[in-house]
Structures are given as structure tokens and as C-alpha cells.
Amino acid sequence: MAGHAIQPMSVEQIVQQAENFEYNPLVPFRHWSRSAGTLLKEAEIYESEGNEQQAYLLLFRHARLILDKLPAHPEARLPENENALQQLSKDVLRNISKLETLKPRINKRHERYTRLLKEKIQAKAASTRPHLTSPPRSVDPANGRDHSRLSSDPALNNGSEALAAGDNRDLAVQLAHQEIERRATARKATRLAGILEEQEQERRTAGLWADWEKSLYDNDQSIERDHLRKQMQKLRLQANGSKVDSRDHKNYPDPAESEKARFQYPSIPPSRPSSKSGFETAHLVPGTTLNKSADSHSALTSQPPPLRPPKHTVQCSDHSASNQATHEIPYAQSSPQPIVSPVKQEPKPATFTFKPSAYLENGTPLRTIFLPPDLRHHFLSIALTNTRANLETCGILCGTLISNALFISKLVIPQQESTSDTCEMMNESDFFDYVDGEDLMVLGWIHTHPTQTCFMSSRDLHTHCGYQVMMPESIAIVCAPSKSE
């Protein structure tokens with residue numbers, strides 16, 4: 001389980017990576033709209049785990065997508081998309097304050113690391129030969145840049161221990177089980193407290209910073225968007241080291257006030273190891289029920305404490321009196337000391353960061369994704385009736401992000417219409433309402449080929465393109481039960 005921490009990054013470096021993403025206007029507007037929500041959900045998780053660098057990258061990328069890309073989308077002028085774009089712009093307005101709050105923290109950590117690195121190099125140079133005074137080739141002390149792939153990933157540069165997910169599978173699964181249970185407990189506590197879903201989502205995505213709603217509705221939409229662009233331009237210039245006139249901030253909360261703001265989350269009881277499998281199935285077809293997976297993982301149980309040693313009676317004499325007093329001492333010196341079972345510390349998401357498993361050609365890291373071992377067989381048992389009728393069946397793979405790794409924890413069977421070679425989801429709004437309500441992320445999909453072999457058709461590839469918008473790790477699984485594939 002060996003790992004190492006990698007140097008922090010500057011805001012300028014993070015912004016450069018945030019602006020480096022592929023945007024295709026031919027992808028439907030609704031896919032980009034859903035991807036924007038996924039970016040905010042990922043940013044929320046990274047920030048809750050203490051990874052402010054990756055949270056800043058995702059929030060900045062979200063703002064660029066909403067302000068610079070989507071307004072020019074061919075479908076942006078449709079009435080339903082105009083309304084959606086206005087709602088997305090509100091999210092950007094809330095996150096402007098968060099970006100300004102995170103910026104000095106990130107730069108402070110980077111400057112401190114750079115200063116310590118210079119001091120270390122100088123101290124080493126003073127005790128070695130002159131030709132060793134130059135720093136290692138992979139590190140530039142002038143700007144603290146490390147040119148390796150790992151050091152250029154903001155998700156790994158948060159000071160936590162970087163681990164290879166493939167070499168630490170048991171730790172990853174244990175971490176996922178307890179974190180999924182903790183989040184479920186938090187959602188239950190929030191709903192029992194009587195907090196509305198709208199308020200819960202607002203707190204989850206942006207916290208409560210000043211009176212942003214008043215400033216939003218006091219101006220018309222054109223002025224609002226102009227202000228948002230000015231704010232984004234200011235952040236870009238600040239990231240590049242340029243001075244910016246900060247007087248145009250009357251409609252936005254002051255960063256100093258934002259620094260004092262705090263999230264208002266419900267209290268969460270301490271989590272305990274779960275005795276149930278983390279993999280569940282949700283069936284969205286009306287009138288249909290589905291049993292959960294029969295497989296389960298045994299709970300982590302500690303050994304029972306040892307028996308207490310027997311009590312010994314020791315007679316203590318009092319020389320000043322003729323009578324002798326008898327005292328019972330629970331543990332005499334000759335008795336063995338009680339054996340205390342060691343308490344096993346539960347891993348925390350903020351302690352570890354899992355390294356990417358691969359990289360795209362443009363350098364984009366691909367995070368490790370964990371699948372339940374019984375996923376395929378469980379799905380085929382659900383699809384058996386349709387398979388016998390020569391009809392396709394599809395399911396959506398949902399899960400969450402924990403410590404820079406993706407965990408599929410739930411198989412959702414949406415309402416669908418099927419033929420022998422097609423399968424279309426019905427009532428997408430119901431599906432996404434369910435996913436948002438359960439705080440899940442869409443990580444991929446799975447479907448059957450009842451009579452054909454196992455392959456991705458051209459239609460499947462086109463469908464999968466929508467899943468990989470802003471989530472390149474999204475997976476597609478094809479099952480061919482008639483071919484045992």
C-alpha cells in the first residue's frame with residue numbers, strides 16, 4: 001500500500017487544465033446540460049474530501065462550458081433549452097464566490113511548497129559538490145512545476161497519499177462500503193429534518209453565500225450574463241498574474257465574507273461497517289418489484305474481549321492496631337495485565353487518493369472504476385424474460401466518486417421499449433429525478449443482444465458517446481446470453 005504525496009499546483013496551472021476539454025456542438029444540448037450537473041456533483045465530492053484543487057478545476061470548467069460554449073450551441077435557442085441555460089447560469093453565479101474563496105487557499109499551499117522546495121535544494125547544495133546545486137530535471141523551482149503526468153493531475157496534488165487502485169482493491173472496497181453508507185445516512189437525516197429537496201440540492205451544490213438571489217433577479221438576463229463573463233475574465237487574468245480592477249463587484253459577495261461562510265450540512269452519526277452488499281438494483285418499471293442481490297459481504301467483526309483475570313485477596317496488616325484489615329484488590333501485581341483488543345481504524349476518503357489507471361492521448365487521466373463481481377449474472381437474471389422473448393434489455397450503471405475512484409453501486413432498470421435489436425429508455429425525466437434524489441452519478445450502461453454475438457453496434461457507439469461527454473471513464477457492457485458471452 002505504498003504511496004506518496006505530490007506537489008500542490010498553482011491556480012494558473014489548474015485553469016490551464018480546466019480549459020482543456022473537448023466540446024462538440026453536434027452532441028445534443030441535453031447531454032451537455034446533464035454533464036454540467038455531473039461536473040458540479042463531482043466538484044462537491046472532491047471538496048468534501050478536502051481536494052480543493054480538483055474542485056476548483058471542475059467548477060471553472062463548468063463555468064466555461066455554461067458561459068462560453070452552450071450559448072452558441074445550435075439547440076440553445078429552443079424554449080426549453082433557454083430555460084435550462086438560465087438555471088445553469090444561476091449555478092455559475094453561486095460558484096463564482098466559491099472560486100474566489102478557493103483561489104487564495106490553493107495559491108498559498110503552492111507557494112509554501114515552492115518555498116520549502118527551494119530551501120531544501122539550497123540546504124542540499126550547501127553540503128554537496130558545486131555541480132549538484134542544480135535541481136532535479138523533473139522539477140523547476142522557479143514555478144514549482146513537475147512535468148510528470150502524476151504531478152499534473154490536480155486530483156492527486158491535494159497532499160493525501162496517492163495509491164494504485166489495482167494494488168489496493170480491498171482498501172478501496174472497504175472505503176466505498178463505509179462511505180456509501182455514510183452518505184445514505186446523511187440523506188436520511190436531512191429528509192427526516194424536514195429539509196426540502198430544493199434546499200438540500202442548493203446546500204449541496206453551493207452552500208449559502210450572501211444574498212445572491214436578490215442580485216440575480218434585480219437585473220435582466222443580458223446584464224446578468226455580462227457580469228458572469230466579467231467575473232470569469234477576472235479569474236482568468238488573476239490566474240495569469242495580471243492585476244484586475246476589482247471595483248465591479250457590487251452584485252457579488254465579498255471574498256472576505258465568503259471566507260467566513262460555512263456549509264450548513266446536517267449532523268451525521270459515525271459510520272459503521274455494513275453487513276450488506278453495496279450493490280443494489282432499482283426497478284423503475286411501475287408495478288414490478290425486484291429482490292436485491294443475494295450475495296452479501298460479511299461484516300467486519302472484532303474479537304470478543306478476553307475474560308477478566310480472577311480477583312486476588314491481599315491482606316494488609318496495620319502495625320498500629322492488633323486487628324488486621326482485609327482488602328480486595330481487583331488486579332494484584334502478580335496478576336496478568338488485561339489484554340485489550342486493538343481498535344481498527346476505518347480509512348477515510350480524505351486520507352487516500354487513488355491514481356488514474358490510464359491516460360488518453362491528450363493527457364486526460366482516466367480514473368479507476370470498480371464493478372460488482374456479480375453484476376453481469378444479476379443483470380442477465382433480470383433480463384431472462386425478455387431474452388426468451390427475443391427482446392433487448394438495458395440497465396443504467398450508477399454509483400459515486402470516492403477518493404478519485406468510481407464505484408458502481410446500483411443497477412437501475414428504467415422504463416423501456418424493446419425490440420430484437422433496439423432498446424429505448426422511456427420517461428428520462430423520471431430516471432434522472434431518481435438518480436438526483438439518491439445522489440448518484442451515471443457511470444455507464446449495460447444491455448443484452450438476445451440472439452446476436454457480443455459487440456458494440458454503430459447505434460451502441462452513438463449512444464455511448466452521450467455517456468462519455470465530460471465522463472470519459474463511462475463504460476458500456478454488452479451481454480450475449482445465447483452465446484454465453
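What follows is a short chat about a predicted model.

Student: What sort of model is this, and how are residues numbered?
Tutor: This is a predicted model: local features need pLDDT of at least 70, side-chain atom pairs count only at pLDDT 80 or more, and totals for chains, interfaces and linings use all residues. Residues are numbered from 1 along each chain as its sequence is written, and side-chain values use heavy atoms, with hydrogens and water left out.

Student: Let's start with strand E11. Is it buried or exposed?
Tutor: Nine of the nine residues of E11 (residues 394-402) are buried, so the strand is largely enclosed by the rest of the structure. Buried means under 20% relative accessible area, exposed over 50%, partly exposed in between (1.4 Å probe, protein chains only). Strands (E, at least two residues) and helices (H or I, at least four) are DSSP runs, numbered from the N terminus.

Student: Which strands does E11 pair with?
Tutor: E11 runs antiparallel to E15, with six bridges joining them. E11 also pairs with E12 (residues 405-413), antiparallel again, over seven bridges. Two strands pair if DSSP finds at least two bridges between them.

Student: What stands opposite isoleucine 396?
Tutor: In E15 it is tryptophan 445. In E12 it is valine 412.

Student: How many residues sit between E11 and E12?
Tutor: Two, and the strands form a hairpin. Serine 403, in the turn, has a positive phi of about 55 degrees.

Student: What does the side chain of glutamate 49 do at serine 403?
Tutor: A polar atom of that side chain lies 3.1 Å from the backbone nitrogen of serine 403. A polar contact is a pair of N or O atoms within 3.5 Å; within protein, one must be able to donate a hydrogen and the other to accept it, and residues adjacent in sequence count only if both atoms are side-chain atoms.

Student: Where is glutamate 49 found?
Tutor: In the loop between H2 and helix H3 (52-69). Glutamate 49 counts as buried, at 9% relative accessibility. Its C-alpha is 8.4 Å from that of isoleucine 402, and the two residues are 353 residues apart along the chain.

Student: And H2 itself?
Tutor: H2 (residues 29-48) has 20 residues. From first C-alpha to last it reaches 29 Å, close to the 28 Å expected at 1.5 Å a residue. The expected span is 1.5 Å times one less than the number of residues. In H2, 14 of the 20 residues are buried, so the helix is largely enclosed by the rest of the structure. Just after H2, glycine 50 takes a positive phi of about 90 degrees.

Student: New topic. How many disulfides?
Tutor: Zero. A disulfide here is a pair of cysteine sulfur atoms within 2.5 Å. Cysteine 394 is in no disulfide, and its nearest cysteine sulfur, that of cysteine 423, is 3.2 Å away. Cysteine 394 is buried at 7% relative accessibility, and cysteine 423 is buried at 18%.

Student: Back to E15. How does it pair with E16?
Tutor: E15 (residues 441-448) and E16 (residues 475-479) are parallel, with five bridges. Isoleucine 446 has isoleucine 477 in E16 as its bridge partner. The chain crosses from E15 through helix H13 (residues 458-467) to E16, and this β-α-β crossover is right-handed. That is, with the strands pointing away from the viewer, the path from the first strand over the helix to the second runs clockwise.
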